[in-house]
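Trainee: I should like to take a close look at a single part of this model. Please guide me through it in one connected account.

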Amino acid sequence: MLRLIKVFCVFCLSIQLSGCGVFIVGGMVGGATILADRRTPAVQAIDLGVEIEANSQLSKKFGDSAHIVVVSFNQKVVLMGEAKDDSIKSQAAADVKAMKNVRSLFNEIIIGPNSSFAARASDSYLASSIKTQLIFTSDIPSNSMSISVEGGRVYLMGILTQQEADKAKQIVSKVSGVKQVFAFFDIISEAEKQRLEREGKARTSQPDTNPAIN
């Protein structure tokens with residue numbers, strides 16, 4: 001029964017968050033929900049702002065001539081989707097790269113017709129399957145990863161150790177329906193991982209019950 005509840009929660013979260021490209025996993029510690037992420041709250045807000053601004057700007061500028069999805073994680077940006085020609089692909093990259101708070105940019109746009117709604121629905125389902133599998137895999141910080149899928153191609157972003165990154169790529173590559181896996185991780189040391197986890201616990205831990213009021 002508990003496993004069914006967990007799966008249902010993951011499904012709901014993946015639907016709610018698939019549009020923004022960032023999957024934040026909620027855990028339960030002492031009865032309190034924890035939203036864990038190795039990015040600082042400020043950087044999380046910056047990433048969300050970049051995604052909203054860039055996606056809106058490119059959609060207005062290119063209309064039906066392109067279907068471009070912008071994902072930002074730790075101020076590292078990936079462009080994915082389709083564009084009618086190389087000039088649109090290049091201009092989209094130039095526009096986003098010029099934005100404030102973009103640390104680096106990777107242009108993975110495919111030249112070709114826009115994907116169909118059916119193809120996008122299939123990608124969303126595949127992304128949900130991947131997220132569900134990763135959240136129940138030990139030693140994979142799915143709470144500090146972005147998983148996006150376009151045309152069966154999986155784009156992974158996050159803040160991971162080398163061991164975590166290798167394991168994540170191996171698992172994702174074996175999921176049915178995955179054509180290719182592209183990883184854009186920020187690799188950290190084990191010492192940095194432990195520091196981030198200590199700080200995260202200090203920021204988010206809650207008491208088991210509300211304190212008694214005298």
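Which residues does G151 touch, not counting residues up to four places away in sequence?

Mentor: This is a predicted model, in which local features need pLDDT of at least 70 and side-chain atom pairs count only at pLDDT 80 or more, while totals for chains, interfaces and linings use all residues. Residues are numbered from 1 along each chain as its sequence is written, and side-chain values use heavy atoms, leaving out hydrogens and water.

G151 touches D123 and K179, not counting residues up to four places away in sequence; contact means heavy atoms within 4.5 Å. Although 28 residues separate G151 from D123 in sequence, their C-alpha atoms are 6.5 Å apart in space. G151 is partly exposed, with a relative accessible area of 26% (buried is under 20%, exposed over 50%, and partly exposed in between, with a 1.4 Å probe and protein chains only).

G151 belongs to the loop between β7 and β8. Helices (H or I, at least four residues) and strands (E, at least two) are DSSP runs, numbered from the N terminus. An open sheet of 3 strands, with mixed pairing, follows the order β7-β8-β9; two strands pair if DSSP finds at least two bridges between them. Because β7 (145–150) and β9 (180–188) each have a single partner strand, they stand at the edges, and one side of each is left without a neighbour in the sheet. Strand β8 (residues 153–161) runs parallel to β9, joined by 9 bridges, and M157 has F184 in β9 as its bridge partner.

Helix α4 (residues 117–135) packs on the sheet, where it touches β7 and β8, and its direction makes about 150° with that of β7. Axes are lines fitted to C-alpha atoms, for helices over the stretch in contact, and angles run from 0 to 180 degrees between N-to-C directions. Helix α5 (residues 162–173) lies across β7, β8 and β9, at about 160° to β8.
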